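Please walk through this fold strand by strand, and then look at how the helices are placed against the sheet.

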Amino acid sequence: MHRLTTGSPFEARLAYSRAVVKGDWCFVSGVTGYDYADMTMPEDACQQARNCFTTIFLVLEQAGFAPADIVRVQYTITDAALVDVIAPALSDALGDIRPAATMVVAGLIRPEMRVEIEVTAFCG
């Protein structure tokens, strides 16, 4: 088993890995819209979703996986009205991949967070 980190302060403080690779599987934990280079969060939920995918794709690459290996995705949004707002980012990132998906409306751990995305990838 191999664990990956992005260096996010949340990972160490909340005791989790950004991703875990086990054999042909890669499990990427929930990613929010922070730009981890400077820990800024855009106001726009669509940009938050785009930032999520930037981080997810980077982590997958580090783990030896490609975006096309994504087989499952879970979106968590803080308001059902955000579905239409984030749809362009979802389509741009996963439109050709079309993994199995679930969308949940729930609160997130910080008020500025509007979107959290987690994926599972399989390369076998």
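R72 has A100 as its bridge partner in β5, where strands, like helices, are DSSP runs numbered from the N terminus (E, at least two residues, for strands; H or I, at least four, for helices). From β4 the chain crosses through helix α3 (residues 82-94) to β5, and this β-α-β crossover is right-handed, a term that applies if, with the strands pointing away from the viewer, the path from the first strand over the helix to the second runs clockwise. The model is a predicted one, in which local features need pLDDT of at least 70 and side-chain atom pairs count only at pLDDT 80 or more, while totals for chains, interfaces and linings use all residues. Residues are numbered from 1 along each chain as its sequence is written, and side-chain values use heavy atoms, with hydrogens and water left out.

Strand β4 and strand β5 (residues 100-105) run parallel and are joined by six bridges, pairing being assigned if DSSP finds at least two bridges between two strands; Y75 stands opposite M103 in β5. Strand β4 (residues 70-77) is also joined to strand β6 (residues 115-122), here antiparallel and by seven bridges, and V73 has V119 as its bridge partner in β6.

The wider sheet is open and mixed in its pairing, with six strands in the order β1-β2-β3-β6-β4-β5. Because β1 (2-4) and β5 stand at the edges with a single partner strand each, one side of each is left without a neighbour in the sheet. Neighbouring strands of this sheet are turned by 10° against each other on average, direction ignored.

Within strand β4 lies T76, which is buried, with a relative accessible area of 9% (buried means under 20%, exposed over 50% and partly exposed in between, with a 1.4 Å probe and protein chains only). Leaving aside residues up to four places away in sequence, T76 touches V104, A106, L108, R114, V115 and E116, contact meaning heavy atoms within 4.5 Å.

Turning to the helices, α3 lies across β4, β5 and β6 and runs at about 160° to β4, with axes being lines fitted to C-alpha atoms, for helices over the stretch in contact, and angles running from 0 to 180 degrees between N-to-C directions. Helices α2 and α3 pack at an angle of about 30°, with their axes 8 Å apart. That makes α2 roughly parallel to α3, since angles under 35 degrees count as roughly parallel. At their interface, residues of α2 including F53 and F57 meet residues of α3, among them L90 and L94.

Notes:
Parallel < 35°, antiparallel > 145°, perpendicular 65-115°, else oblique.
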